[in-house]
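Biologist: Could you take a close look at one part of this model for me? I'd like the pocket story, with some context around it.

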Amino acid sequence: MTDEQFDLFLPYIANLPLRDQREMMERPFFSLAKSKRVKPIDYTSPDGQVRVHVSANPDYGMATIWDADILIYCASVLADMVRRGLNDMPRKLHIMPYDLLRAIGRPTTGRAYELLGQALDRLVATTIKTNIRAENRREATFSWLDGWTQLVDEKTERSHGMTLELSSWFWEGVMMKGGVLAIDRAYFDITGGRERWLYRVARKHAGGAGEGGFAISMPVLFEKSGAEGQYRRFKFEMLKLAEKDDLPGYALAVETAKDGEPMLRMRRVDGKGGAEMDTAENSALRQVQDEGIPPQGSPAAAEASPLSEKVSSRKLFAPPPRPRAGRAGQGAPEPGAIPKTIDARALIRSTIAGLSDAATRGFMTDETIDLLRRECPGWDLHALHAEFERWVAASPERTPADWQRAFVGWVRRHHAKHRHELRG
């Protein structure tokens with residue numbers, strides 16, 4: 001029986017591509033302190049649309065931003081399984097604790113195994129209630145893990161393997177289209193809780209925002225953090241972090257908003273602080289090869305990311321068709337004619353643009369939500385988005401090139417036609 005159990009455990013994957021769950025990266029889901037926190041987090045977005053309530057078990061305390069490393073590892077494992085074309089993605093992962101600790105940059109000492117068990121207990125004991133992705137339900141209530149078990153050698157009392165049962169909310173968030181984002185391995189070298197949280201906010205908003213980056217006001221940033229203490233203290237610490245500017249992969253700068261409060265601008269800088277060097281072309285191609293498209297011909301290919309509907313790595317590098325034989329001017333090259341060349345860089349750039357548009361299929365970006373709440377207030381955008389997806393699916397001729405722009409236009413038309421139905 002023991003041998004059969006060991007066969008279930010996942011093999012160690014060297015250089016596992018790291019993925020974080022998108023919705024966990026900017027909302028206040030975790031304690032940012034290393035000390036035990038029992039005070040709940042109660043967050044409502046400035047527009048009143050998003051709610052997050054996190055409560056801690058007094059015996060274990062609230063799950064911390066360091067405990068979230070375990071969830072990042074689980075999201076990375078699931079994303080890699082999708083990449084390799086596996087079917088029936090499990091909610092129950094069988095892992096080796098040694099591999100997990102190595103992947104998230106932790107030592108593999110006896111003390112590290114003890115701390116890992118405590119972190120898993122906090123992930124099970126922490127309760128989250130939120131309306132994010134609750135759809136027709138007003139709120140969803142869950143813990144990060146539904147439970148965990150381990151196999152222990154009776155002689156040495158060392159763990160030989162663990163089973164982590166992921167909550168449905170977390171699992172569904174990883175598996176949905178656009179549900180994960182790649183992160184730098186240097187993230188695990190960040191020691192401070194607020195610095196770790198700030199990296200995730202920067203990755204979520206500034207990772208693909210271009211050269212100008214992304215700016216956010218300090219009061220809004222404070223609310224998103226869920227940090228204990230006064231705003232004045234938080235602002236002081238953020239200003240110090242901006243002055244220090246040692247976040248891996250992101251540059252920080254302070255600006256002044258119209259109300260006089262500071263704003264923090266975050267901008268992607270490849271290679272900074274141990275972050276990966278990258279280019280736009282490499283980023284898009286890696287997205288195609290590593291996370292967007294299961295191997296061609298695999299059972300999972302039919303359920304692939306929307307990236308596969310736009311381009312596959314096989315099509316991207318396919319040679320041009322051979323000209324058919326015939327008279328000059330009808331397909332056959334003229335004698336001595338110079339063969340036409342293909343601008344590969346232009347092809348890649350145009351492909352990247354298509355990938356960027358298709359990659360936002362299946363969810364609303366924060367920019368889309370903010371725009372529609374300003375222009376078309378009063379509607380349940382998640383319900384409208386589900387209706388929009390059904391409308392698109394009803395006809396193959398309705399597949400848009402830019403999903404976010406198409407949804408915005410669809411909602412604007414819906415609002416113009418039906419706004420009289422909204423309650424005053």
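Before we zoom in, what percentage of the 424 residues of the chain count as buried?

Modeller: Sure thing, and keep in mind that this is a predicted model. Of the 424 residues in the chain, 45% count as buried. The fold is built from 15 helices and 12 strands. Looking at contacts with a separation of 6 or more, 65% of them join residues 24 or more positions apart. On the outside, the accessible surface adds up to about 23,100 Å², and carbon and sulfur atoms own 50% of that.

Now for the close look: the second largest pocket. This one holds about 450 Å³ of space. It is lined by 23 residues, and the ones closest to its centre are Trp66, Asp67, Arg106, Leu115 and Arg122. Helix α4, spanning residues 110–125, gives the largest share of that lining, with 7 residues. By chemistry, the lining of the second largest pocket splits into 10 nonpolar, 6 polar and 7 charged residues.

For some context elsewhere in the chain, try helix α13, residues 366–375. Its buried residues are Asp366, Thr368, Ile369 and Leu372. Look down the axis of α13 and these buried residues fall within an arc of 160°, so they line one face of the helix. As for what they touch, the buried residues of α13 pack against three helices: α6 (193–206), α14 (381–393) and α15 (403–418).

Note on methods:
Residues are numbered from 1 along each chain as its sequence is written. This is a predicted model: local features need pLDDT of at least 70, side-chain atom pairs count only at pLDDT 80 or more; totals for chains, interfaces and linings use all residues. Side-chain values use heavy atoms; hydrogens and water are left out. On a 1 Å grid over the protein atoms alone, a cavity is a set of points where a 1.4 Å probe fits but cannot get out, and a pocket is an open set with protein on both sides within 12 Å along at least five of seven lines; lining residues have an atom within 4 Å of a point. Grid points are joined across faces, edges and corners, and a volume is the space filled by probe spheres set on the points. Helices (H or I, at least four residues) and strands (E, at least two) are DSSP runs, numbered from the N terminus. Ala, Val, Leu, Ile, Met, Phe, Trp, Tyr, Cys and Pro count as nonpolar, Asp, Glu, Lys and Arg as charged, and the others, Gly among them, as polar. Buried means under 20% relative accessible area, exposed over 50%, partly exposed in between (1.4 Å probe, protein chains only). The arc is that of the directions from the helix axis to the C-beta atoms. Contact means heavy atoms within 4.5 Å. Accessible areas come from the Shrake-Rupley method with a 1.4 Å probe; for residues, only the protein chains shown count as cover.
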